[in-house]
Amino acid sequence: MLTTSITAASLNTFKKQLLSASWQEGFCRSFGLLSLWSSRQINTPRVRRQPTHRGAYGHTWKDDYSWMEGRGKAFDKHLDQETHYVRQHLQQWKKLQACLRKELETKEQSQLATFPERWGKFSYRTEQSKARPLPTYLRTDLQGQEQVILDVNHIQAKSAFVSIGQVKLSADQQTMAYTVDKDGSEVFEARLQSTKGSIIDLETLADVMNIEWAGNSALVYTQPDAQGRPFRVMKHRLGEQQEKDVCLLQEDNEDCFLALAMTDGAYVTINSSSKTASEVHLLSCANPDQPLKLVQPRTANLEYFVSHSQGQLYILTNANGAANYQLMTAPLHTPCSAHWRPLVPEQLGTAVEDLEVYASHAVLYERQQGRPAVSVLNLLAQASKAAESQQHAAGVFQDSPAALTSKQQQTAHVAVEECNAVPTSQCQQHELEQKKQHQQQQQAGATTAERPQAAQQPQLTTLSFPSWALSIQPGANPDHHTRTVRLHVASPVHPQHVYDYHLDTGQLQLLGAEQLHGHDPEQYVCQVQYVKAADGTQVPLTVLHKKGMPLNGSHPALLTVYGAYGISLETGFEPERLVLLDRGWVIALAHVRGGGELGRRWHAAGRSLHKMNSLTDLEACLDHLLQQGYSRKGLVGVQAASAGGLLVGALLNRRPHDLLAAILRVPFVDFLTSMTQPELPLTVHEYGEWGDPADPAVLQQMRELCPYQNIKTAEYPPVLATCSATDPRVPVWGPAKWVAKSRQHQIGPSPILLLSSSDTGHYAHEADLLENSALEYAFLIDAFQKKHHINAK
């Protein structure tokens, strides 16, 4: 199953293809590629069919490949056969793949080094090179002495697979903790090291998912349950055995995940979140042995996220119908929603995606009309204006109960008691305490909507970036008292530009930009166009191509989609794309409903009962490419990963003749089987995104959308799908079943391939990205050459 925590790194695994006519012709003559495609000469795997009748919620269906779900020796043998089959095709593309790999390397910088970011007496940066392709973490002290604090290349050399999850420094920066995944399962071990002088290994903690330091000597971490859900928060003291670690909180609600985050260094937030509601506890970093402090008990459809600075809480929330989030504040000593006051109300056409709070300013990362934006609020100036307003405004709610009516005084008194009735760290007592607080709040009638609010018009400063900026990402920004904010700005054709925003002066300073030899962004067109969907909705589509290219329908195109969990399809710079663009390909990024490009309402319009909108949006984007002359039927390749694979799989069932080829990385294609088995890992948690199949309307839509269920006899284009035995999000048997059934119903000559891995998990390893890209490009080039050859005849 899938989860929301799909990172930007997972989206960076998209890349692939192609060749312009004259170069292509010479290349094919050199390697004889046109004669190489003959999948009928390669023996396809014989897959056992074992018809089984399945049922759920009053519906039944037949499944010939359900036996794969049991894994076991027969399934392992089947994957071995699939691997052998893929390798036979890889031999056909071996020279092409090697050639593309070399070309891709020329698109990468010989050395990547980040601009240093200061935190107290140290400056931190990372460095990568062709010889050492994985990050090396370095820091420099005030005397200019540089120290390597972590070399991922060194760790990788000791293991077949290693993925670094998090790297965290203690408050005094003398101890470092980082997490290591050794098999792609996303269950990590935490390794602790002293960074004072020489790097010294201290201890290792097992079965860890998320970590944060609480001061200098306590590390808190989440642990998974049997289904892989982070359900428990533990506290570890340096120098003690892990067996002595203390449970701070246990979440038994299967809808909810636990996650940790640092505020200003004073508190760690423990966030318990479902897809539609959240609950936050605060752990004191100064005294992590104190009981947790509950901010606001979980309330249906109320989402909130908490930051802290100087005794004040800053709360990003959808309270009072603010679907695209508003920023509210509350005193630390009375944090529950009865005391939340609006600071930055929801803005028309603006969705807030993230918040960083510093000692003097708050920085909001937004989408304004779908484009990334950054707005800054001066908290000190805002507090001064609010104080003046409160002194002169009559009848405005104030913290002092003396200003309230007797009924309001009673309500305020109850609310203060609620907020100060802190649950203990004993996991069993937490649930009883939470219920008691929630009942008290309901009896008191203390809701945000019923309380008068003192709303000030915020003095927001929206930063002005170049018009081409389609990706804005924050830097590490570790220092709460910083006077500058690091920002990374890019577009699909503009390499990353690094800026510092100076909070005191308002100056946006360009520090530098990545340089690629011979690359000129002005030689490319990058436009955000709007496509009319079947119901009239305007869907954003980012289109890239070489400048001056005639739009006569002769060009191959690559259409990419994701469209789930409110995650925006990233529009940053990926140098591999230049290999395609320079050969006359069109690249299009479909920002369909279900993603986050236009805010939370855009997400809601493409999830659960509205998921069909995501598919019809994708079809509209495909039609736009054909109608506007970017490409023609049969020349559009599609690609997606994970949840996006559901849409591409469904599109293959509906429009197989319109597509050139399809690449699906760890695709969620056996949708119905996964969602009708609540005993599977993470299924119950996913009801908030995909719907609960106990609802007949939801179940019917699942049956209509599910790629596996709707495979029909057709001539499918070439397909390359991937899966991993250790993937905790998409079970390995899902893509395997889908490939087997698709191949069973294939009446054309094109291959349908399954590339499996034993240890990569859900995400491709960073060290393998170039090799994977070269493989996928070779697959797509071969598909295009075959189509071109047939058309020439």
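# Close-up views of a predicted protein model

At 15% relative accessibility, Phe465 counts as buried, a term that means under 20% relative accessible area, whereas exposed means over 50% and partly exposed lies in between (1.4 Å probe, protein chains only). The model is predicted: local features need a pLDDT of at least 70 and side-chain atom pairs count only at pLDDT 80 or more, while totals for chains, interfaces and linings use all residues. Residues are numbered from 1 along each chain as its sequence is written, and side-chain values use heavy atoms, with hydrogens and water left out.

**Figure 1. Two aromatic pairs, Phe122 with Tyr124 and Phe465 with Tyr499.** The structure holds 11 aromatic pairs. Rings of Phe, Tyr and Trp (its six-membered ring) pair if their centres lie within 6.5 Å; planes under 30 degrees apart count as stacked, over 60 as edge-to-face and the rest as tilted. Phe122 and Tyr124 make a tilted pair, with 6.2 Å from centre to centre and 55 degrees between the planes. Phe122 is buried at a relative accessible area of 8%, and Tyr124 is buried at 13%. The pair of Phe465 and Tyr499 is edge-to-face, with 5.8 Å between centres and 80 degrees between planes. Phe465 belongs to the loop between β27 (460–462) and β28 (471–474) and Tyr499 to strand β30 (residues 497–502), so this pair ties together parts that are 34 residues apart in sequence. Helices (H or I, at least four residues) and strands (E, at least two) are DSSP runs, numbered from the N terminus. Tyr499 is buried, with a relative accessible area of 8%.

**Figure 2. An aromatic cluster and two charges over rings.** Tyr565, Phe668, Phe671 and Trp690 form one aromatic cluster. A charge sits over a ring if NZ of Lys or CZ of Arg is within 6 Å of the ring centre and within 35 degrees of the ring normal. Arg48 lies over the face of Trp67, 4.2 Å from the ring centre. Lys741 is placed over the face of Tyr708, at 4.7 Å from the ring centre.

**Figure 3. The surroundings of Gln50, in the loop between α2 (21–31) and β1 (52–56).** Gln50 has a relative accessible area of 37% and is therefore partly exposed. Its C-alpha atom is separated by 4.9 Å from that of Asp64, although the two residues are 14 apart along the chain. Apart from neighbours within four places in sequence, Gln50 is in contact (heavy atoms within 4.5 Å) with Asp63, Asp64 and Trp67.

**Figure 4. Strand β22 (residues 326–331) between its two partners.** All 6 of the 6 residues of β22 are buried. Both faces of the strand are covered, with Gln326, Met328 and Ala330 on one side and Leu327, Thr329 and Pro331 on the other. Two strands pair if DSSP finds at least two bridges between them. Strand β21 (residues 312–317) pairs with β22 in the antiparallel sense over 6 bridges, and Ile315 stands opposite Met328. Strand β23 (residues 341–344) also pairs with β22 in the antiparallel sense, over 3 bridges; here Leu327 has Val344 as its bridge partner.

**Figure 5. An open sheet of 4 strands.** The strands follow the order β16-β17-β18-β19, and their pairing is antiparallel. At the edges are β16 (257–262) and β19 (293–296), each of which pairs on one side only. Strand β18 (residues 278–284) is joined to β19 by 3 bridges. Within this antiparallel pair, the bridge partner of His281 is Leu294.

**Figure 6. Helix α12 (residues 644–654), a mostly covered element.** Of the 11 residues in this helix, 10 are buried. Among them are Leu646, Leu647, Val648, Leu651 and Leu652. An α-helix has 3.6 residues a turn, so residues three or four places apart point the same way.

**Figure 7. The whole protein and the confidence of its prediction.** The protein contains 17 helices and 39 strands, and 58% of its 793 residues count as buried. Of the contacts between residues at least 6 apart in sequence, 60% join residues at least 24 apart. The predictor's confidence in each residue, from 0 to 100, is called pLDDT. The protein has a mean pLDDT of 86, and 84% of its residues reach 70 or more. Over residues 1–40 the pLDDT is below 50, and this stretch has 124 contacts in the model beyond near neighbours in sequence. Residues 437–455 also stay under 50, with 42 contacts beyond four places in sequence. Where pLDDT is low, the predicted coordinates should not be read in detail.
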